[in-house]
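User: I'd like to go through some labels on this model and hear the reasoning behind each one. Can you take me through them?

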Amino acid sequence: MGRRGEDEAAEYLAGTGHTILERNWRNGRYEIDIITLAEDGLHFVEVKSRNVPSAAAPEDNITAAKRRSLVLAAERFLHSASRKGLPGDIEIFFDVITVGFAGGGRELNYYPGAFTPIYV
């Protein structure tokens with residue numbers, strides 16, 4: 001179901017003008033489901049999918065620990081060879097897409113800028 005949800009999310013993003021740069025980008029134990037480039041900047045996208053009804057909403061699984069992990073993964077991406085060719089002053093976004101599957105249909109919700117890393 002996870003791969004199917006990511007496929008749906010990537011298709012949705014591409015249809016809204018995002019260019020898919022990476023899918024399932026990994027560096028050590030860190031992973032980012034989808035990385036896109038859009039007119040407004042670079043998007044790191046976490047995809048959560050579930051069969052519905054479910055005991056918890058997919059977005060409820062984006063814990064503080066998961067957000068920290070996504071930020072660390074994004075930092076690694078930005079310092080990697082994969083980043084070559086991107087502008088140096090690009091805006092960064094952390095997005096969430098939830099995909100719920102029921103019967104033969106699906107419900108997709110996109111939360112652009114779902115969270116902003118805060119450093120104290």
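**Labels and their reasons**

Analyst: Sure, starting with Tyr12: its relative accessibility is 32%, so Tyr12 counts as partly exposed. Keep in mind that this is a predicted model.

User: What makes Tyr110 partly exposed?

Analyst: Its relative accessible area is 22%. Buried would need under 20% and exposed over 50%, so a value in between gets the middle label.

User: And why is the pair of Tyr12 and Tyr110 called edge-to-face?

Analyst: The ring centres are 5.8 Å apart and the planes sit at 65°. Centres within 6.5 Å make a pair, and planes over 60 degrees apart make it edge-to-face, so the label follows. Tyr12 is in helix H1 and Tyr110 in strand S5 (residues 105–115), 98 residues apart.

User: How do you know that Trp25 and Phe77 are edge-to-face?

Analyst: Here the planes are at 85° and the centres 5.4 Å apart, so the pair is edge-to-face. It links Trp25 in strand S1 with Phe77 in helix H2, 52 residues apart. Both belong to one aromatic cluster with Phe44, Phe94 and Phe115.

User: Why do Trp25 and Phe77 count as buried?

Analyst: Trp25 has a relative accessible area of 7%, and Phe77 has 1%. The cut-off for buried is under 20%, so the label fits.

User: What makes His18 buried, and which side chain does His18 join in a polar contact?

Analyst: His18 comes in at 10% relative accessible area, so it's buried. Its side chain joins that of Thr36 through a polar contact of 2.7 Å, and the cut-off there is 3.5 Å.

Key:
Residues are numbered from 1 along each chain as its sequence is written. This is a predicted model: local features need pLDDT of at least 70, side-chain atom pairs count only at pLDDT 80 or more; totals for chains, interfaces and linings use all residues. Side-chain values use heavy atoms; hydrogens and water are left out. Buried means under 20% relative accessible area, exposed over 50%, partly exposed in between (1.4 Å probe, protein chains only). A polar contact is a pair of N or O atoms within 3.5 Å; within protein, one must be able to donate a hydrogen and the other to accept it, and residues adjacent in sequence count only if both atoms are side-chain atoms. Rings of Phe, Tyr and Trp (its six-membered ring) pair if their centres lie within 6.5 Å; planes under 30 degrees apart count as stacked, over 60 as edge-to-face and the rest as tilted. Helices (H or I, at least four residues) and strands (E, at least two) are DSSP runs, numbered from the N terminus.
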